[in-house]
Amino acid sequence: MIWTLKRNPWTATYSSPTLPLYLICLNLNLPCIPGSATFTVSGPLAQPTVAWVGEDVLLSCHLSPKMDAREMTVKWVRGPLVVHMYRMGKEMMFVQAPAFQGRTKMLREDMAEGKVTMRIHQVQLSDAGQYTCYFQAGTFYNETSFDLQVAEHRKQPFSVAGPAQLIQAKQGEDVTLSCELFPKMNAQDMTVNWFRNQTLVYRYLNGENLEESQGTEFQGRTELLKHDMAEGKVTLKIQQVQVSDSGPYTCQFQSLDSHSEAHIELQIEESLPTSQKTLPIMIVAVFLVVFSGSSLVTCFFYKKRLQRLKGAEGIMLRLSPWSSLPTSLTCLWYLPGYFRFAVN
């Protein structure tokens, strides 16, 4: 048998963002065969992540849907540098870049649910940049990237306050959630994030609304009211709320110098359909009509019976021994079930 090899005259180009990471996997002798992903990877909810020189920072990623990641390969890279690597229950320190040696630790408490957190000790200005969180299970892998910003000093810390009481609304209504900075300051150049549990409801970054990153259930139903942002107050409007919108909400302000958040509880009451609302009223109305009709019929027959007894003198004497025979009977209905008879 003779095999003929032909050369492809066309130059191949690659634009996949996972190619550099794929080449790293080959160098580390890992099975990095691309395939249809069985999961997706999400990074920190608050982006970009902000840290300060000398402090520790936590970088978290999680899988969707939730699944056990303890037997997977988990890796953090910043550009070409391996920041931290975990494989089959062990941390592979020998592949770690010298700049991060002795400064990283993986928190494994939530790995059974698909969440991993890496801590970087004593953050430096040189740690700033884009980080990639990578998961691999067998031949399937996926990743996500986000930015870490490092500031040298905290300049003006602030706190965030929201309403202390429970916010209640009915299904189908519009609801507003507000929070504000203390002390008052301009929030127009800050990053403002709204979350419900782990879902991004709304993100405002550098004067722009990033609606494409919000949860699908909130798309097209949210609006940030900005008329008081110069004084540090923001209001989120959610249109046509549903019962599924109930839950804890987090209002988060973030600047290069500080960040803080407040929590708000929203409860949506289910609205009954109009037919269900009017059904008890209709039942009562029908009952009253039927009862009234039967009462009138009863009264009518009693009147007829007494009229038939006008010629029976012996019987009428028992009814009224001291008076003459009745000539007329009037039946008055005052309340349901109560009658008054007048004999003339």
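This passage looks at two threonines in strands, two cis peptide bonds and two residues with positive phi in a predicted model.

A good place to begin is T104, which sits in strand 7, spanning residues 104-107. With a relative accessible area of 10%, T104 falls under the 20% cut-off and is therefore buried. Its side chain makes polar contacts with two other side chains, that of Q96 at 2.5 Å and that of H84 at 2.8 Å. Leaving aside residues up to four places away in sequence, T104 also touches V83, M118, R119, I120 and H121, besides H84 and Q96.

T222 belongs to strand 17, which covers residues 222-225. This threonine is buried, at 11% relative accessibility. The side chains of T222 and Q214 are joined by a polar contact of 3.2 Å. Beyond four places in sequence, the residues touched by T222 include V201, Y202, L236, K237 and I238.

Backbone geometry offers a few further points of interest. Most peptide bonds are trans, and most residues other than glycine have a negative phi. Against this background, S64 and P65 are linked by a cis peptide bond, with omega about 0°, and P65 lies in the loop between strand 3 (57-64) and strand 4 (73-78). The bond from F182 to P183 is cis as well, with omega near -5°; P183 is placed in the loop between strand 13 (175-182) and strand 14 (191-196).

Positive phi values occur at N197, near 55°, and at Q240, near 50°. N197 is in the loop between strand 14 and strand 15 (199-205) and is partly exposed, at 47%. Q240, in the loop between strand 18 (233-238) and strand 19 (247-254), has a relative accessible area of 51% and counts as exposed.

How values were computed. Residues numbered from 1 in each chain as written. Predicted model: local features only at pLDDT ≥ 70, side-chain atom pairs only at ≥ 80, totals over all residues. Heavy atoms only, no water. Helix = DSSP H or I, 4+ residues; strand = E, 2+ residues; numbered from the N terminus. Buried < 20%, exposed > 50% of the residue type's maximum accessible area, 1.4 Å probe, protein only. Polar contact = N/O pair within 3.5 Å; in protein donor to acceptor, adjacent residues only side chain to side chain. Contact = heavy atoms within 4.5 Å.
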